[in-house]
Amino acid sequence: MKKRTIIVDKIKRGHYLYFFYYYLYTLCMDRHIAGTYKYNRSLNKLIYNNERGASPVQSASYRVLDVLLPELEIGDGDIFVDVGSGWGRLLGYLFIKGKKCRKYYGIELNSEAADLSKKILRNYDQVKIINGDATKVIINDATVYFLFSPFDRNIMELWIKHIENTHSYVKVYYLHAIHEEAFANKSKWRIIKRKVLRPKYHIPVTLCVYEYGNR
Ligand SMILES: C[S@@+](CC[C@H](N)C(=O)[O-])C[C@H]1O[C@@H](n2cnc3c(N)ncnc32)[C@H](O)[C@@H]1O
């Protein structure tokens, strides 16, 4: 088959157009969140952590966030915590998309990411970034926690214990739930939803939603 025909064929399938659309969408959204070119570039930066069990600092892709958004049942009565908030993309995204909560926290272990996201989100009301370890930071009034695969199984067990010791009720959204078994067989935790999200041209991503304790 002629080269030109192959290219036309692929464009017809929408593959390249889709990726080009998300390339532009990512630039615009990051620019909207971060405001300046300097910060804008940083939302895509990948850095590794030295702490054992900690995932790298890496923003969630908008292709994933766009399929996640309808699943998030949060509102102005909620105090939302992004566990491992990275560069702050998720928190900024929720603002832009109008998912308004009473207050937002980001807990970020990596001090470079925490410091920069504090600057990036400085104009967002009700957002507070805390540089610390989510297995130790206490946010007493939190009602919803969001985790995008921030740590390994051992740290997940520590985090679950920490939540049990500091809250009587919370809802947890666990995206890319590779350690979902950590929540199994725990009498006070209930799974209320398990859904495999399928962003286009992307690996499937499991979302688990849990409730802990009683309201
Ligand atoms: C995949 S990134 C999540 C990015 C962000 N939630 C977003 O959607 O843009 C995971 C983050 O968890 C952070 N992290 C890892 N262990 C942590 C811990 N114990 N406490 C707080 N943050 C942690 C990492 O530094 C990294 O930034």
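## Starting at Gly 84

Let's begin with a glycine: Gly 84 sits in the loop that links β1 (79–83) to α5. Keep in mind throughout that this is a predicted model. Gly 84 has 23 C-beta neighbours inside 10 Å, so it counts as buried, the cut-off being 20 or more.

Who does Gly 84 touch, once residues up to four places away in sequence are set aside? The list runs Ser 55, Ile 107, Glu 108, Leu 109, Ala 134, Leu 147, Phe 148 and Pro 150. Take Phe 148 from that list: it is 64 residues from Gly 84 along the chain, yet the two C-alpha atoms are separated by 7.6 Å.

## Around the ligand

Gly 84 turns up again at the ligand, where it is one of the closest residues, together with Ala 60, Gly 86, Ala 134 and Pro 150. In total, 26 residues surround the ligand. Ala 134 and Pro 150 also belong to the contacts of Gly 84.

What sort of residues make up this shell, by nonpolar, polar and charged? The split is twelve nonpolar, ten polar and four charged. As for secondary structure, α5 (89–96) and β2 (103–108) each provide at least two residues of the shell.

## Helix α5 and its surroundings

Helix α5 deserves its own look. Six of its eight residues are buried, so the rest of the structure largely encloses it. Those buried residues are Arg 89, Leu 90, Leu 91, Gly 92, Tyr 93 and Leu 94. Their cover includes the helices α2 and α4 (62–68), along with the strands β1, β2, β3 and β4 (144–148). After α5 comes Gly 98, with a positive phi near 80°.

How do α2 and α5 lie relative to each other, parallel or perpendicular? The axes of α2 (residues 15–34) and α5 come within 10 Å and cross at roughly 90°, so the two helices are roughly perpendicular. Where they meet, α2 brings Met 29, His 32 and Ile 33, and α5 brings Arg 89, Gly 92, Tyr 93 and Ile 96. The residues of this contact divide into four nonpolar, two polar and one charged. Arg 89, Gly 92 and Tyr 93 are among the buried residues of α5 as well.

## The nonpolar core

The largest nonpolar core holds 51 residues. Which of them have the most contacts inside it? They are Val 81, Val 144, Tyr 145, Phe 146, Leu 147, Tyr 173 and Leu 175. Leu 147 is a familiar name, being one of the contacts of Gly 84.

Tyr 173 gives a taste of the packing: not counting residues up to four places away in sequence, it touches Leu 72, Val 144, Phe 146, Leu 207 and Val 209. Val 144 and Phe 146 are themselves on the list of core residues with the most contacts.

## Two positive phi values outside glycine

Most residues other than glycine have a negative phi. Two residues here go the other way. Gln 126 is not a glycine, but its phi is positive at about 65°. Gln 126 belongs to the loop between α6 (111–120) and β3 (127–131), and its 13 C-beta neighbours inside 10 Å make it partly exposed.

Then there's Asn 185, whose phi is near 55° and so also positive for a residue other than glycine. Asn 185 is placed in the loop between β5 (169–175) and β6 (189–197). Is Asn 185 buried or exposed? With 7 C-beta neighbours inside 10 Å, Asn 185 counts as exposed.

## Acidic residues in the loops

Glu 180 is found in that β5–β6 loop too. Glu 180 has 16 C-beta neighbours inside 10 Å and therefore counts as partly exposed. Beyond its neighbours within four places in sequence, Glu 180 is in contact with Tyr 174 and Cys 208.

Asp 78 lies in the loop between α4 and β1. With 19 C-beta neighbours inside 10 Å, Asp 78 counts as partly exposed, because buried takes 20 or more. Apart from neighbours within four places in sequence, Asp 78 contacts Cys 101, Arg 102, Thr 143 and Val 144. Val 144 is a core residue you've already met. Asp 133, in the loop between β3 and β4, is partly exposed as well, with 17 other C-beta atoms within 10 Å.

Conventions
Residues numbered from 1 in each chain as written. Predicted model: local features only at pLDDT ≥ 70, side-chain atom pairs only at ≥ 80, totals over all residues. Near = placed C-beta within 6 Å. Helix = DSSP H or I, 4+ residues; strand = E, 2+ residues; numbered from the N terminus. Nonpolar A, V, L, I, M, F, W, Y, C, P; charged D, E, K, R; others polar. Axes fitted to C-alpha atoms, helices over the stretch in contact; angles between N-to-C directions. Parallel < 35°, antiparallel > 145°, perpendicular 65-115°, else oblique. Contact = placed C-beta atoms within 7 Å. Buried ≥ 20, exposed ≤ 12 C-beta atoms within 10 Å, placed from the backbone. Core = buried A, V, L, I, M, F, W, Y, C linked by C-beta atoms within 7 Å.
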